[in-house]
Structures are given as structure tokens and as C-alpha cells.
Amino acid sequence: MGRAVTVATCALNQWALDFEGNLERIFRSIDIAKSKGARYRLGPELEICGYGCSDHYYESDTLLHSFQVLEKLLESPATQDIICDVGMPVLHRNVRYNCRVIFLNKKILLIRPKISLANAGNYRELRWFTPWSKARHVEEYFLPRIIQEVTGQETVPFGDAVLATKDTCLGAEICEELWAPNSPHIEMGLDGVEIFTNSSGSHHVLRKAHARVDLVNSATAKNGGIYILANQKGCDGDRLYYDGCAMISMNGETVAQGSQFSLDDVEVLVATLDLEDVRSYRAEISSRNLAASKVNPYPRVKVNFALSCPDDVAVPTCMPIQWRHHSPEEEISLGPACWLWDYLRRSKQAGFLLPLSGGIDSSATACIVYSMCHQVCLAVKNGNADVLADARRIVHDETYIPEDPREFCKRVFTTCYMASENSSQDTCNRAKLLAEQIGSYHINLNIDAAVKAVVGIFSVVTGQTPRFSVYGGSSRESLALQNVQARLRMVLAYLFAQLTLWARGMPGGLLVLGSANVDESLRGYLTKYDCSSADINPIGGISKTDLKNFIQYCIENFQLTALRSIMSAPPTAELEPLVDGQVAQTDEADMGMTYAELSVYGKLRKIAKAGPYSMFCKLINMWKEICTPREVASKVKHFFRMYSVNRHKMTTLTPSYHAENYSPDDNRFDLRPFLYNTSWSWQFRCIDKQVSAL
């Protein structure tokens, strides 16, 4: 009959401009797909060059090397007798497109350019590519000579078309097109396309995975069909973690689910599905069939190849499964941990150094590193040779096998408590106990001598000695003295990162980890160039509320009992003098707002696109049970005043794992001025008028 088709999709940990490694991972995915009987293999978006090439897309080298990789794929015996669908940039008539190149047995069948480009949030595709705007139109593409010599083709079809094999019809979507309101799969499905493919470069955001899964399943729930989604995974060179979740769906139900977080560079999903299930599903949807009778047909590229076998009656097909979603706490434990591992192994460093203060933020960062160590040991236990090789190279021991997360943590993770005269014994003890429980190499040091030396230089030059407020100094003096402590900790962190392993007789250097959360960054509650300045920050996109829940998760799942006292202690910077040996300074008192309020402000400012007046209007309803309009106005004004005064700090923010859609990351996600008129006179006057009216 030729009804059961076997298809493969994959999640690949590609790396921008790593053409050698990217080619090797593509070959591995094809080998796995073929070994499992697949006749079609789909890969992630722009997998040949890596999705995150950014302005390197402008370079002719990127196009050249992409075609050189394509040449290797075309001429290899490994790609015979399977339709391969790969992603790369292509220049057509001097216009650069984000394309799928689909080939079979050394012949390119179709080059399909992306129609809807992702251009919001972290995405800037319109900067580098042009969308294909000619619906259902195909042109001739003249192949480069290196490809002509392999395929024997001078030109190939380029445009919006579908593939007609001997047994079915396939149509391609690329990432954003699934999210568009007029997704191509709608019209393609009405025109008889039975298998839809989607190659994605979709990154992780907390609580986002279900949206992608729902979109894929809904794509075939109303119209019937098979939907195959491939995605990139891992850190390919910047702030994003691409979270896999390759999947295959049929008639609105998931039949194969890939992992969201793992250290496997290559993951392949294969499913065998019955085309007659699609046809019978569609047959009884009369509204679909009426619309199909009027649809404008797609150009079809005929392919003398079948995805099924003639005698397939006894071939077992895949059944629907229930998708398992991670909790937000599991996402925080796994996503940033995998991102850190990619960064560590690809930067060729020997580990991490973290200034561990004994507070929630630095403790959460330490727990993420500990989770990374867990993932490494688990991957090695499961036979992942790549992870084992990377671990051995990082610790400079060719016989080493990471089996115990605490022991591995000791080798790759250094924590450092930097005490001052303003530090309490409680935070020192908490940091030490947590370090013992996770196994990190822990250092205790005191920065008072350095602080006195720096302040002494100022006193010698000016003849003035600044004092803290509690000793009669002004707020300016007190803030300056706090900043000196904070900045010296950053200087010492980098010194110890460079030389700690040298002092221990070990090779290599350490990456410095930052631990400022997304709420503090939004408010600007940090010293510019303090310990928030680091090489990378795994929690910079995560809210304080989520971090507290994550700490509780670590207590229960990693048995880190030291976290209990950290959870119960009020957050404090410990930069002002102690009172009777106890901490008098707290974060929320310093900020003039709570972390819970900050999360609300952040979501309204970024996600709801609210300025001061709109935020006030929304909050007088949201908070009507707890605040008067005048109190709401005061809170909103204070937030925007402090946000705008401190916005300049975002220009130097440490590269952080992107996890929240209200991140204030100034690099490319949240583009704003950093010199504001901080009086907001017009906006605040509008608020005052409303307060008076109310």
C-alpha cells in the first residue's frame, strides 16, 4: 500500500561559525536517522553556519563556507537514499535569504526561502535577511560551480513550493512562520500537503515550552496532517539557550517528544506514521474540504522517491503520547546549567569562580553550577563520550571519569567569601556550609586592608575622610564607601580567577560568574563595576521570586540543607556598618520597593509596553485592595525615577542567560536610552491629574 512513512527530526547543539563541528553533528544526525529507517531528515534553522552568526551574515565568507559544507553533504555516501533538509543562508539575485536546502541523492530538489522573519525580542532577522514575498512563486537559482560539479545541475527551483513524492506531499515552514497569524501550513494543508516541516532556532524562556507544543499540535488539529519540528539546542555563542524540544505531531496529538535540556550534542527523533490516518481524519471535516476546493495551488516539485515501503502492512506505527513539561524550578536548574557547560567547554577554561556572599542570588548561582556538575556526571554515566572528553580536557586529566557531582564540583568550581568589617558572621557561615555541601573549593578572605588603602589615597589627596551615615557622614559619603567595597570585590574576583589555580599548582584560569537577578538590574540596585560585573551571569534573566522557589527546589532535590537559613534571612548587601553585630541594611528598604513589586513593574514596563501613566492606570485596578491611587502614584513615580537614574548601568551589564521576557538587557533585547530626563515632568503630571480626579 505504501502508507507508513518514517521521518526523522533532530535537535543539534550547533555553534555559530563552527563549520567543522556543525558538519560533523549534521552527519551524525543523518547516520542516526538512516539507522532507524528514516527516509526524510529535518534539521534546525541555519544549522550549517549556526543560527547566531549575527553580522557575520553580511560576510561573503559565511555564504562561501556554507556552500562548502553543503558540497561535503551532497557528495557523501551518508546522504544517499534519504531526503535531507538543511538550513543555510543563500544569496539569490544579490538578496540574502534564510533558506532550507532540500536534496536527495546528490540532487538539490528545492531551495525554500523563509517567508516570515523573526524580528522581535532577541531576534533581528530583518537586519540580515529579506523575507520571500512572492507567494506560490518559484524562480531559477543558479548554483555555484562547486555545487554544480557535484550535482550536475546548473539551476534548481528557488521559492515557495512543496515536494510531491511518490506517496505523499511535504511542505516546509521555518520557525517564525508557525507563530505567524497566517501560517503557510494552513493553505498548504488545504492544498493537500500531508507532512509539514518546521526548522527552528527557538530559545528558552521560562514557561514558554507549552506555547510551542500547543502551536504545533493545533497546526494539525483543525486541518489534519503530520507536523515535524526541529530546533537548535545549547549556547551557540551568546546570551540565548536554544532548548531543543524537537517533536512530531499528527492530527493534533504529539507522537514523539525530544528533550528540552540535555548535554547531548545530537538528538534524533524518528517516528513511523500512517498516512491513511491523516486522510481519514481530513475526510470528515467538511469545512476543511469546502475550503480546499477553492484553494490556490502550490507549485509542486516532483520527487521520484517514496517515504514509505510498498509492503508495510505489518509495520508498527507510533501512538500519541502525553507531553511532559518541566516546572519553572526544573527549568532554572537545567537550562542555565546546560548553558554554563557549553560556555565552559567552548571557552576552553578550567572552571568557574563565584563571589559567594551567603545570600539568595549567589547561592542560587552556586546551585546552578552544582546542577551542571550533576548533569555532567549523569551524561557520562549514560555513555556520552563527548561530555567525558570535554570533562577530561577541562580538568587536564585524560583518565578522569566524573562520577560524583561534589567531587567534580571541587575540580571546576571555586567559591570565595569576601568579608569586610560590615559582614556578619551569619553570612560567612552560610557561605561556608553551602560550599561544603556542594563540594566547591572555598576561599575566605577579608577586603578591609584594600578598602582602607583606597580610601586612604583619597584622604591623602583631598585631606578629607568620608564617613558612613551612622557615623555622621552624608548620604554621598556613605554611598561612595559602599561602592568602594563592592568594586574591590570585583577586582579581587578577577585576580583570584586568574591565579587561584596557578597558586594550587594547576593549569588554566577560571571564568568569573555574576549573580545579579533581573529585578535588581531593572531597578539598578547594584554598583556599576562591582561583582555584578563578571564574564557571564546565569541568573541575570531570572526574578527574585523564581530564585526563591528554585532555592526551595534545591533543598528538596539536592538535599542542600544549608539553603534553609539562606532562604529565611532577609536579602542584604552588607555594605553599611553592623549595629550591635547585626545587619541593619536590607535590600528592600534600600530600594524603596519589594521584589514582588519589582516583578510587576518589570512585566508592565516591558511585556505590557506601559510607560509611567499607563502603568499607573493598570495598577490602580490591580492594587485597589491594598493601595490608594495616591500611594500607587507614589510607587510608580519612585520606580520610574530610580529606573531612569540607573539605566546607564544596563549598558555594562554582564552577559546573562535570557530567561524572562521583561529582561532589561541593553545589548539587543530591551533597547532604550540610558540618559533620561529623570523628572518625567509631563508623564508624572498626567498621573497627578488622575489622582486628583479620583
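**Exercise 1: Aromatic pairs**

Find how many aromatic pairs this predicted model holds, and decide whether Phe-550 and Tyr-553 form a stacked, tilted or edge-to-face pair.

*Solution.* Start with the total: the count comes to 27 aromatic pairs. Next, take the two numbers you need. A ring pair is described by the distance of the centres and the angle of the planes. For Phe-550 and Tyr-553, the centres are 6.4 Å apart and the planes meet at 20°. Rings pair if their centres lie within 6.5 Å, and planes under 30 degrees apart count as stacked. The pair is therefore stacked.

Now place the two residues. Both belong to helix H18 (residues 544-557), where they are three residues apart, about one turn of the helix. Residues three or four places apart point the same way, because an α-helix has 3.6 residues a turn. Finally, check the surroundings: Phe-550 and Tyr-553 are both buried.

Ring pairs can also join up into a group. Here they link a cluster made of Tyr-601, Trp-623, Phe-639, Phe-640, Tyr-643, Tyr-676, Trp-680 and Phe-684.

**Exercise 2: Charges over rings**

Which rings have the charged ends of Arg-504 and Lys-606 over them?

*Solution.* Take Arg-504 to begin with: its charged end sits over the ring of Tyr-441, at 3.6 Å from the ring centre. Then turn to Lys-606, whose charged end lies over the ring of Phe-669, 4.6 Å from the centre.

**Exercise 3: Two helices**

Compare the span of H7 with the expected value, find where its buried residues lie, and then look at how H10 is covered.

*Solution.* Helix H7 covers residues 209-221, which is 13 residues. From first C-alpha to last it reaches 18 Å, close to the 18 Å expected at 1.5 Å a residue. Its buried residues are Ala-209, Arg-212, Val-213, Val-216, Asn-217, Ala-219 and Thr-220. They cover an arc of only 150° around the axis, so they are on the same side of H7.

Helix H10 (residues 328-347) has 20 residues and should span 28 Å; its end C-alpha atoms are 28 Å apart, so the values agree. As for covering, 17 of its 20 residues are buried, so H10 is mostly covered. The residue that follows H10 is Lys-348, with a positive phi near 60°.

**Exercise 4: Unusual backbone angles**

Are Asn-94 and Arg-207 buried, partly exposed or exposed, and what is the sign of phi in each?

*Solution.* First, recall that most residues other than glycine have a negative phi. Asn-94 has a positive phi, near 65°. This residue is in the loop between strand E3 (83-92) and strand E4 (95-104). Its relative accessibility is 72%, so Asn-94 counts as exposed.

Arg-207 also has a positive phi, about 70°, although it is not a glycine. You will find Arg-207 in the loop between strand E10 (195-200) and H7. At 41% relative accessibility, Arg-207 counts as partly exposed.

**Exercise 5: Empty space**

How many cavities of 30 Å³ or more are there, and which residues are closest to the centre of the second largest pocket?

*Solution.* The count comes to six cavities of 30 Å³ or more. The largest cavity holds about 80 Å³ of space, and among the residues lining it are Arg-239, Gly-540, Tyr-657 and Asp-665.

Now for the second largest pocket, with about 560 Å³ of space. It is lined by 22 residues, and the closest to its centre are Ala-120, Gly-121, Tyr-123, His-203 and Asn-661. Helices H5 (176-179) and H21 (595-607) each supply at least two residues of this lining.

Definitions and conventions: Residues numbered from 1 in each chain as written. Predicted model: local features only at pLDDT ≥ 70, side-chain atom pairs only at ≥ 80, totals over all residues. Heavy atoms only, no water. Helix = DSSP H or I, 4+ residues; strand = E, 2+ residues; numbered from the N terminus. Expected span 1.5 Å × (residues − 1). Buried < 20%, exposed > 50% of the residue type's maximum accessible area, 1.4 Å probe, protein only. Arc of directions from axis to C-beta. Phe/Tyr/Trp six-rings, centres within 6.5 Å; stacked < 30°, edge-to-face > 60°. Lys NZ or Arg CZ within 6 Å of the ring centre and 35° of its normal. 1 Å grid on protein atoms, 1.4 Å probe; cavity = no way out; pocket = protein on both sides within 12 Å on 5 of 7 lines; lining within 4 Å. Points joined across faces, edges and corners; volume = space filled by probe spheres on them.
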